[in-house]
Amino acid sequence: MKLIDLNRHGAIGSNSTYIEIGDFKILVDSGLHPKKMGYDAVPDFEPIEHETLDLIVLTHCHLDHLGSLPIIAAHNPETPVITTAPNAELAPRMLRNSINVMKRQREEKGITDYPLFLHRDVVELNKQFVVQRFEHGEIYRKGKETIEVILHPAGHVVGAAAVEFIHNGKRIVFSGDVLFDAQRTLPGAHLPQGDIDTLILETTRGAKESDSSITRASEVDRLVTQIGEILERGGSCLIPVFALGRMQELFKIIFEARSFGRLPHSPVYAAGLGMDICNYFEKIRKRTQLIDFDISMLEKMKVRSVDLNMRPGRDLPRKGIYLVSSGMMVEHTPSYKLAASLLPHAPNGVCFVGYCDPETPGGQLLEEHSGSFFFDALDYSAPMRASIDQFDLSGHANRDELVDYAVHSNAKNVVLNHGDPHAREWFAQTLNQRMPKTNVLNPSPGVLYKL
Ligand SMILES: [Zn+2]
Ligand SMILES: [Zn+2]
């Protein structure tokens, strides 16, 4: 088989991997880099510009996997885009939101490449989706050759799949983004077992030592306690969340904590794309039973929308829990604006529930120890009087679990992807020790490898 990592900046970035298995030319994912702008955020499709793809697979709907899919699908209009039913439901919604964000950035930042595609491209992409059920293989043909494609539940976020290809008795597996632990809304991953020929493995948490004393359940418990303390002392609690997945899980955590009397019935406010995603989750639950999310809990909690008419530094007039995107408190988002109001007032608190990239305002706030924080986009310097805490509700498996999976798979080749350089280094070293006969490859972007 042949492989090219098209993610031009390496690290996590704009995920997209091209593989050739026998005669089949296949692309897995086509993301958009969260921190780059314009065409620089798109994978480098140059090596496959003159190829006609036979299959495209979408693992899940986070934009670092989905965000440039309309572009490559438009170049390959006859090619099936294989994915799960929840992904086919969510992808158009996520992409339409992305178009709106790009249009705004074109105006605000003068990025003339934007939007990279239009609503009609999303409509066309929709026609290319071929939905497969989890763990039900489908055979695809090309001339006399056949390949079987099986999608496996990867946890992580609703719809997320690991992808298995079987060709001439050889098994090639893409882990995709994986979480083995169950979330409140979603069961954990169930990856293919038995011997694998080539395993393409995510490495997101390679630089983070696993600590067996910290579990998802213990982190949820600590979070609920902290929210309770903030409300008790008369403050508001800001929880910056990703719109897809984490917001819905947090709704459920808060709802359950209230039902068990662990949190008071304070008002819950929410805003943004995540609220609309709740409607999609409801639809997906009814149609597929793949998630455990009942939208009636929003009504029972009387979730209200956030009034974003606020002034930096002036405390929020309505006390309560604020569940808003973005998770990393990126500029111009509700969580960024709310933080500028909350931060100078001591009873308030900010609870981060996932990883924050150090280059984002969320990451910078977590590292800020000078006592004040500058909100660049608002030209406002806030004294830091609210409490700031972080809880590990990551959507990714810890590194030891992934290594154990690789070891059990007995893979001849392990290809590292979806990780920063330090994370990949740890995986390369550890896998070399634990699987001395295995070829561990950390591919350079754009280079063709034969495996
Ligand atoms: Zn993801
Ligand atoms: Zn990802």
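I began with His156 in this predicted model, and at 4% relative accessibility I entered His156 as buried, because buried means under 20% relative accessible area.

I then looked up what His156 binds, and found that its NE2 is one of the protein donors of the zinc ion (ligand 1), alongside His60 (NE2), His62 (ND1) and Asp177 (OD), with the donors lying 2.1 to 2.4 Å from the metal. Along the chain I read the spacing of these donors as H-x1-H-x93-H-x20-D. His62 and His156 link distant parts of the chain, 94 residues apart: I placed His62 in the loop between strand E4 (55-57) and helix H1 (63-66), and His156 in the loop between strand E8 (145-153) and strand E9 (161-167).

For the geometry, I noted angles of 89 to 175° among the four donor atoms, and I recorded the site of the zinc ion (ligand 1) as irregular. I also noted that Asp177 bridges this zinc ion and the zinc ion (ligand 2), the two lying 3.3 Å apart.

I turned next to helix H5 (residues 216-232), whose 17 residues should span 24 Å at 1.5 Å a residue, and I found its end C-alpha atoms 24 Å apart, which agrees. Within H5 I listed the buried residues, among them Arg216, Glu219, Leu223, Gln226, Gly228 and Leu231. I traced the packing of the buried residues of H5 to helix H6 (246-259) and to four strands, E12 (237-240), E15 (321-324), E16 (349-352) and E19 (387-390). Just after H5, I noted that Gly234 takes a positive phi of about 85°.

Methods
Residues numbered from 1 in each chain as written. Chains lettered and ligands numbered in written order. Predicted model: local features only at pLDDT ≥ 70, side-chain atom pairs only at ≥ 80, totals over all residues. Heavy atoms only, no water. Helix = DSSP H or I, 4+ residues; strand = E, 2+ residues; numbered from the N terminus. Expected span 1.5 Å × (residues − 1). Buried < 20%, exposed > 50% of the residue type's maximum accessible area, 1.4 Å probe, protein only. Contact = heavy atoms within 4.5 Å. Donors = N, O, S within 2.8 Å, 3.2 Å for Na, K, Ca; no water. Tetrahedral: all angles 85-135°; square planar, octahedral: opposite > 155°, others 65-115°.
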